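Welcome, and thanks for taking a look at this model with us. Here is a short tour, grouped by topic, to read beside the structure.

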Amino acid sequence: MTSATHSTLFPQVPDSADAVLDGLDPEQREVATALHGPVCVLAGAGTGKTRAITHRIAYGVRAGILQPASVLAVTFTNRAAGEMRGRLRQLGAGGVQARTFHSAALRQLQYFWPKAVGGEMPRLLERKVQLVAEAGARCRVRLDRNELRDVTGEIEWAKVTQTVPADYPAAAAKALRDAPRDPAEIAQIYGAYEQLKRDRGSIDFEDVLLLTVGILQDRHDIADQIRRQYQHFVVDEYQDVSPLQQRLLDLWLGERDTLCVVGDASQTIYSFTGATPDHLLNFRTRHPGATVVKLIRDYRSTPQVVHLANGLLGQARGRAAEHRLELVSQREAGPEPLYREYPDEPSEAEGTARRVRDLIASGVPAGEIAVLYRINAQSEVYEQALADVGVPYQLRGAERFFERQEVKEAGAALRSAARFGGNDSLLDDVVDLPSQVRAVLSTKNWTPQPPAGSGAVRDRWESLAALVRLAEDFAAARPGATLADLVAELDERAAAQHAPTVQGVTLASLHAAKGLEWDAVFLVGLTEGMLPITYAKTDEQVEEERRLLYVGVTRARVHLTLSWSLSRSPGGRASRRPSRFLQGLRPGSGALGGRSAAGSGGVERGAGPGGGAEARPRKRRGPVRCRVCGTSLTEAGEVKLMRCEDCPSDMDEGLYERLRDWRAEQAGLLGQPAFCVFTDKTLMAIAEASPATDGELATIPGVGARKLDRFGADVLAICAGQERASASGED
């Protein structure tokens, strides 16, 4: 991730309000000086939106227009809020509140609860999963671990969209939610969960927002008190606001319009949580006199990366796409994005790890490299591949830096040394600050060289090494600084959660990578069924998957590699196809809709067992048409699938593997070859269609009346994820 030098970690505080504006481009300066009335900042990826809004707040404070305590800056993650507080402190605007919606609401709820409700505030649940499981048991619904997580997510979505349990089934249907269980069951569990919380005097994080909204609606005196406290509001990542958060923001504002919002509809990737870009897209309708500033100068990525990002959005559809920003890179030219195809997943991981190792050898720091994937379950094969080539890595999504046990222990040791260092023989022979830190941390098992391998020991060493690097940067920026000065800096950073960078290749999901950037990014597993994910059915869901890939592309500053594999395991069927989002972008795939292809890096075929697999040629025309592209079909296998071999498949690979296992079992029972049960193409067609009824199964070529009668119950049970009828072995 961003690896700052001492000059950017510890900049000099501007000596005047006008000095705060130094270094801003014309559009950023417009944002910083627009201090009155509603302001909407449409900021593309890498255009310096955080810089613009923090300088806006700092300029207003330093010019005496804004009082620090009257400003509330709201964002969506503790990390982003911590970064904002850190930047404001460096600009001489300490005292400004920068919080998440939940943090700001919880603070207000705790303060006003005795006055509004009386008594002690209910206990806040840190995790609701256990209580949801108990609610399910009370409703006599057994949930496995994955279902438990998904049902919990549905309850959270219902609450942020202000949907009560009785209304959940209708609301889920209207929103086209892919519910993990029967909606009526989820509504029942949701109701039981709410009752359990009431019985035990507990609230969850969504309740924090709901209760704060309720108090502000019912108690005008409390609402007025908050409005007197906060008179200016800034909301970052406004495209991710939920209806509940917007309602809270409206209550904070009252009749005023002293609001600045910042967002990019093309980075809306959290709609599954209830987020919607509608508030951003409708801002000018709601505030006709708003000042609108568009930030399109991309300072992060090279022209080659930006060209690919623009081309990706150029094929987008829907309302968010109509408001897309065409980015203009401000950097010098760099290497073209690379496209790599591999025969299987292990080969893709090994090829990626080798490329990462080569980049590190060429001088790219490990902490400036990321491997990004669609779902967390994809990480394991990359963890192993990186470990095999000796490359350190860290999984994004671990606990916060200053909350790690080793960092707390190191902080305590440094604090003790700063206080009693004159009597500590450990520091007798060391004079400069970095050497003092190294000496103190050596008592916590820090060594100049990292330990071999990976795991918890390496993670601990990386955390301590990050503190050593921070001390080196601090000493370079503040000559003459003492150990006590460094401890004070660490305390301020801990309060702001402004953590130093841990050196190691980052492994993260695309969602977890939002808001971060690296010199080199590897986007892996870019196949149909993974991106877009197989359960993205509607046009809007597919477009959100495109935006997710856009977020991944725009994380890269210089080096960008996009890769996919044709099968899951070595020797497996090459049934996968590259993501449809790469069509018209990767060389040789042709342009779509008359749009020019982006990038010219060439497809590099990754080496692996059996070598790279070439794409199959399209078949000759015939009377049956492909259901994806409309091309006529004559090949029996393609006719059975009702699509070209090369066209995107929405096959559920897990279902396909379960069907293959079942087929092998049946073939053994019957004493016949597997294809006599169903051919591979028929199984693929079943896995793509995932039929739910006899009628739907009967429409699939290769499933005749006899096979429907003999195997239909088993196949439908497997498709539904249930125990199959012949599981006992009877046939």
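## Starting point: a serine in a helix

Ser347 is buried, its relative accessible area being 1%. Before going further, please keep in mind that this is a predicted model. The chain has 731 residues, and 51% of them count as buried.

**Around Ser347**

- Ser347 is part of helix α18, which covers residues 345-361.
- The side chain of Ser347 has a polar contact, at 2.9 Å, with the side chain of Asp344.

**The chain as a whole**

- You will find 29 helices and 19 strands in the chain.
- Among contacts with a separation of 6 or more, 76% are between residues 24 or more positions apart.
- About 32200 Å² of the chain is exposed, and carbon and sulfur atoms supply 49% of that area.

**Nonpolar cores**

- The largest nonpolar core is made of 42 residues, and Phe101, Leu249 and Trp252 have the most contacts inside it.
- Helix α6 (residues 101-116) gives this core its largest share, with seven residues.
- Which residues does Phe101 contact, leaving aside its neighbours within four places in sequence? They are Val74, Thr75, Phe76, Leu209, Val235, Val241, Gln245, Leu248, Leu249 and Trp252.
- Another core, of 38 residues, lies apart from the largest one, and Val305, Leu308, Leu313 and Leu585 are among its members.

**Helix α4**

- Helix α4 (residues 49-62) has 14 residues, and the distance from its first C-alpha to its last is 20 Å, close to the 20 Å expected at 1.5 Å a residue.
- Because 12 of its 14 residues are buried, α4 is largely enclosed by the rest of the structure.
- The buried residues of α4 include Lys49, His55 and Arg56, along with Ile53, Ile57, Tyr59 and Val61.
- After α4 comes Gly64, with a positive phi near 80 degrees.

**Helix α10**

- Helix α10 (residues 183-200) has 18 residues, which should span 26 Å at 1.5 Å a residue; the end C-alpha atoms are 26 Å apart, so the two values agree.
- At the N-terminal end of α10, Asp182 acts as a cap, with a side-chain oxygen 2.9 Å from the backbone nitrogen of Ala184.
- Buried positions in α10 include Ile186, Ile189, Tyr190, Tyr193 and Leu196, and Glu194 and Lys197 are buried as well.
- Gly201 follows α10, and its phi is positive, near 65 degrees.

**Helix α27**

- Met684 belongs to helix α27 (residues 680-689), and at a relative accessible area of 3% Met684 is buried.
- Met684 and Ser575 are separated by 109 residues in sequence, while their C-alpha atoms are 9.1 Å apart in space.

**Cysteines**

- A disulfide is a covalent bond between the sulfur atoms of two cysteines.
- With a cut-off of 2.5 Å between the sulfur atoms, the count of disulfides is zero.
- Why is Cys40 not bonded to Cys260? The sulfur of Cys260 is the closest cysteine sulfur to that of Cys40, but at 8.2 Å the distance is too far for a bond.
- Seen from the other side, Cys260 is in no disulfide, and its nearest cysteine sulfur is that of Cys40, 8.2 Å away.
- Cys40 is buried at a relative accessible area of 3%, and Cys260 is buried at 0%.

**Backbone features worth a look**

- Most residues other than glycine have a negative phi, and most peptide bonds are trans.
- The peptide bond joining Leu531 and Pro532 is cis, with omega about 5 degrees.
- Pro532 sits in the loop between β15 (518-523) and α24 (539-553).
- Arg140, a residue other than glycine, has a positive phi near 60 degrees.
- The loop between α7 (129-138) and α8 (145-160) holds Arg140, and Arg140 is exposed, at 81% relative accessibility.
- Asn445, also a residue other than glycine, has a positive phi near 75 degrees.
- Is Asn445 buried or exposed? Asn445 counts as exposed because its relative accessibility is 61%, and its place is the loop between α21 (433-442) and α22 (456-477).

Conventions. Residues are numbered from 1 along each chain as its sequence is written. This is a predicted model: local features need pLDDT of at least 70, side-chain atom pairs count only at pLDDT 80 or more; totals for chains, interfaces and linings use all residues. Side-chain values use heavy atoms; hydrogens and water are left out. Buried means under 20% relative accessible area, exposed over 50%, partly exposed in between (1.4 Å probe, protein chains only). Helices (H or I, at least four residues) and strands (E, at least two) are DSSP runs, numbered from the N terminus. Contact means heavy atoms within 4.5 Å. Accessible areas come from the Shrake-Rupley method with a 1.4 Å probe; for residues, only the protein chains shown count as cover. A nonpolar core is a set of buried Ala, Val, Leu, Ile, Met, Phe, Trp, Tyr and Cys residues joined through side-chain atoms within 4.5 Å. A polar contact is a pair of N or O atoms within 3.5 Å; within protein, one must be able to donate a hydrogen and the other to accept it, and residues adjacent in sequence count only if both atoms are side-chain atoms. The expected span of a helix is 1.5 Å times one less than its number of residues.
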